[in-house]
Amino acid sequence: MAETGTWWALLVAPAMLLGFAAAALAADAALDARNAGRPITVSTVVRPFLAVPRAVLAQPRRLPASDRLLWRAGVITVPVAAVLSTLVIPFGDHVVADLSVGVVWFNAMEVLTWAGLWLAGWGPNAAFSLVGGYRFLAQGLAYELPLMFALISAATGAQSLRVTDIAGAQHGLWYAVWMPFAFVVYLAGVLAFSFLGPFAYPAGRDVAEGVLGETSGVDRLLLEAGRWLWLAAGAAMAVPLFLGGGAGPGLPPWAWSLVKTLLVLAALVWTLRRLPMVRADRYVELAWVVLLPLSVLQTLVPALTDLSL
Amino acid sequence: MGLTAVLIRAAALRPRVLLVTMPGGTGVRLAAETELRSRDWPSAPTPAGADLMLVAGPDCSRLGPALDRLWQDMPRPCVRVRAVTADEVAPVLDAGRTRLGAPGGEPGEPDGSVGMNGHGSAEPESAGRPDGEPARAHREEQTEGEHDVRGVTGHEEGEHDHDGHPGHGHGDMEMPGGLAMAEPGEDRDGLTLDRLHVALGPFLADWPAGLTIRVVLQGDVIQRADLDEPAVGRPGDPFWSRPWIRAASGEPVGVGEAARLRAAAHLDSLGRLLSVAGWPAEAVTARRLRDDLLDGAPASAVLPRVERFARRVGRSRTLYWLTRGIGPLSAVDARAAGVTGPAVRAAGGDVPARYRQWLTDAVGDVRRMNATARLDPVAQESPRGRWDAERPPSAALATLLPRLLVGAELGAARLVVASLDPDPDELAVGRLEAAGG
């Protein structure tokens with residue numbers, strides 16, 4: 001059902017991801033302004049993007065005994081993995097690469113950020129940065145397995161790892177409706193791998209921004225962009241996995257994909273400021289004692305349904 | 001070249017500010033926080049992420065080297081300005097931005113063109129790295145602010161003596177990058193892990209200005225913590241205790257005025273705690289309320305907002321779940337250490353007990369803001385406890401810190417410090433009184 005392989009899709013997918021990420025950042029800036037009592041104007045939502053000229057202008061800092069190569073590799077990995085993850089995400093009828101193991105591809109790209117952030121924390125040879133790196137690993141231990149089971153729940157329901165199959169298998173009944181727990185765990189996972197808001201633990205202000213703390217210029221821009229690109233990619237992936245993809249009455253599929261992605265993104269941005277930063281030492285306990293068993297149970301629901309059909 | 005000039009001007013529209021508060025600079029810090037918030041200039045917690053450094057408060061020669069290291073650690077182009085009084089903050093920020101947006105940036109040329117109203121509120125600083133060579137080994141001793149993977153070569157014991165050079169500590173061994181290797185040691189589980197010696201403060205973001213705690217870290221767990229003498233260059237004038245000091249010297253001070261300042265002080269502490277706890281939205285709310293109180297907003301206007309804030313934060317189950325059990329301090333221990341303020345009254349004695357006590361006290365104080373009775377400095381508590389010039393309440397809080405920090409993870413340690421929030425300016429008063437007899 002989905003068209004694949006058109007050459008221009010390869011250019012459009014990253015551009016759209018960038019657009020969604022920019023929209024999320026602008027919405028966040030508007031909420032920030034409201035909270036701080038500033039008037040919300042056009043300039044309010046444009047101002048965060050002034051970080052781009054700043055980053056281009058900044059001269060590189062040289063730190064003693066830093067691991068330049070690994071640091072740079074880690075910093076680049078985060079946004080690049082986010083962009084690559086979109087290859088398998090269908091938008092309306094279009095998808096860049098309709099892999100038979102699309103869900104695994106998305107998950108693999110997301111796990112690349114583990115390596116990326118760890119290296120980004122390790123590279124500068126600074127204590128707080130290194131702590132930030134550790135923190136992402138601890139956070140990863142907590143969020144990753146429940147997230148994987150959430151992905152598997154959707155895949156089990158459709159009996160396919162192909163993302164377009166999963167979107168197509170939800171005839172009128174979204175997986176978000178009959179697998180609500182998997183949906184919530186998935187959204188929490190999105191916030192966790194974009195290390196934003198309640199999951200900003202690796203870049204927490206208590207460790208002076210952790211993995212971000214020593215970065216400047218383009219390095220910082222790449223990591224910051226990586227966070228918002230991952231948030232956008234996660235929101236876009238939620239649509240085919242849990243919200244029926246481009247299906248919907250009246251509008252063309254691309255419009256439904258657009259509307260659904262923006263709604264998920266809005267919900268995620270709204271959540272960012274509602275909760276304090278979740279400390280991984282507490283979250284690991286919750287994740288392994290409560291979330292993981294419940295995720296397994298949630299996966300059993302579609303599995304048993306499949307068997308009984 | 002034209003494009004570069006446009007980029008420079010665009011980037012300077014929203015500088016990221018490294019706000020460095022000097023001892024005694026609380027009033028200037030408050031003005032700067034308000035100004036940055038209304039201008040939407042983000043505050044950067046590290047020099048790496050900043051392009052404008054604002055030094056708030058009076059000069060302090062002891063902290064000069066630490067300031068210079070922060071300055072050297074900022075990526076160029078950058079600008080450094082100083083505001084000695086609260087009124088200077090806005091013009092100094094404007095001047096800094098103008099310099100940041102000047103095309104060309106006059107690399108290597110100190111420009112002193114921004115001196116504000118006479119007394120050097122904008123420090124002439126070069127906008128470019130003077131010799132093009134980024135300070136090679138400054139990192140080895142740099143610290144004060146944030147990070148310091150300083151190696152340990154057996155000199156660390158001596159270096160805990162504050163010799164007037166915060167963060168000073170070279171190893172003898174020549175190592176790649178001018179750094180010595182970390183030395184392994186047994187951790188609490190009997191594993192051998194590297195020990196990192198890190199100084200927390202004096203200029204850490206959301207940290208009591210001027211307080212320095214030297215810690216030994218294994219992973220992110222604190223094995224040892226030592227409190228440095230606070231760096232003070234002049235008689236302390238603790239902003240939050242002024243009404244009590246005035247009342248103690250016989251001046252008539254109203255209870256309402258004192259209650260207003262106490263509520264603002266608690267909200268300031270709460271803003272810091274919430275920021276450290278990673279809840280920036282509520283931290284902004286706390287700071288806005290604080291600023292409105294200090295601006296003299298009527299109680300009737302502020303009370304509902306303070307109550308709403310107290311409900312949201314005080315009843316947040318997530319915040320409670322994330323902070324409970326951290327920094328346990330029983331009332332008996334606290335009293336034995338000489339603590340008299342909210343930290344003693346907080347039933348249960350962990351971080352949530354303390355922030356809830358602040359919230360309760362703040363709401364009560366806002367209700368009491370219209371009282372007209374005269375302040376009795378002994379009967380009425382100052383924000384951090386009963387005011388005593390010889391042993392100010394913050395002194396007791398500060399002495400408790402090392403004990404509470406050992407064994408805590410770094411994030412938990414930050415919460416403990418923020419939940420007690422000793423005011424280093426009060427410590428200065430105590431020391432001066434003691435020295436003067």
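This report describes chain B of a predicted model, together with the contact that chain B makes with chain A.

## Overall make-up of chain B

Chain B contains 16 helices and seven strands, and buried residues account for 55% of its 437 residues. Among the contacts in chain B with a separation of 6 or more, 71% are between residues that lie 24 or more positions apart.

The domain assignment divides chain B into domain 1, covering 2-101, domain 2, covering 140-227, and domain 3, covering 239-435. The centres of domain 1 of chain B and domain 3 of chain B, taken over C-alpha atoms, are separated by 27 Å. Where these domains meet, seven residues of domain 1 of chain B are in contact with seven residues of domain 3 of chain B, and the side belonging to domain 1 of chain B consists of two nonpolar residues, four polar residues and one charged residue.

## The sheet E4-E5-E6-E7

Four strands of chain B form an open sheet in the order E4-E5-E6-E7, with antiparallel pairing. Strand E4 (183-186) and strand E7 (221-227) of chain B are the edge strands, each of which pairs on one side only, and from one strand to the next the twist averages 35 degrees.

The pairing can be followed residue by residue in part of this sheet. E4(B) and E5(B) run antiparallel and are joined over four bridges, with Glu183(B) standing opposite Arg195(B) in E5(B). E5(B) also pairs in the antiparallel sense with strand E6 (residues 213-218) of chain B, here over five bridges; in this pairing Val198(B) has Val215(B) as its bridge partner in E6(B), while Ala199(B) stands opposite Arg214(B).

## The nonpolar core

In soluble globular proteins, nonpolar side chains tend to be buried together. The largest nonpolar core in this model has 221 residues, of which Tyr186(A), Ala232(A), Leu54(B) and Val416(B) touch the most other members. Helix H6 (residues 127-158) of chain A gives the most to this core, contributing 17 residues.

The surroundings of Leu54(B) can be listed directly: leaving aside neighbours within four places in sequence, Leu54(B) is in contact with Val17(B), Leu19(B), Val20(B), Ala32(B), Val81(B), Ala83(B) and Leu93(B).

## Ala418(B) in helix H15

Ala418(B) lies in helix H15 of chain B, and this residue counts as buried because it has 25 C-beta neighbours inside 10 Å, where 20 or more are required. Not counting residues up to four places away in sequence, Ala418(B) touches Asp206(B), Arg272(B), Leu273(B) and Val276(B). Of these contacts, the one with Leu273(B) joins residues that are 145 residues apart in sequence, yet 5.0 Å apart in space, C-alpha to C-alpha.

## The contact between chains A and B

The contact between the chains takes 55 residues from chain B and 47 residues from chain A. On the side of chain B that touches chain A, the elements that give two or more residues are helix H1 (2-11), helix H2 (26-39), strand E5 (192-200), helix H7 (255-276), helix H8 (280-294), helix H10 (317-323) and helix H15 (410-420) of chain B. The residues on this side of chain B divide into 28 nonpolar, 12 polar and 15 charged.

Two of these elements were met above: strand E5 of chain B, which gives two or more residues to the side that touches chain A, is also part of the open sheet, and helix H15 of chain B, likewise listed among the contributing elements, is the helix that holds Ala418(B).

How values were computed: Residues numbered from 1 in each chain as written. Chains lettered and ligands numbered in written order. Predicted model: local features only at pLDDT ≥ 70, side-chain atom pairs only at ≥ 80, totals over all residues. Domains from an automatic or database assignment. Contact = placed C-beta atoms within 7 Å. Nonpolar A, V, L, I, M, F, W, Y, C, P; charged D, E, K, R; others polar. Core = buried A, V, L, I, M, F, W, Y, C linked by C-beta atoms within 7 Å. Buried ≥ 20, exposed ≤ 12 C-beta atoms within 10 Å, placed from the backbone. Pairing = 2+ DSSP bridges. Axes fitted to C-alpha atoms, helices over the stretch in contact; angles between N-to-C directions.
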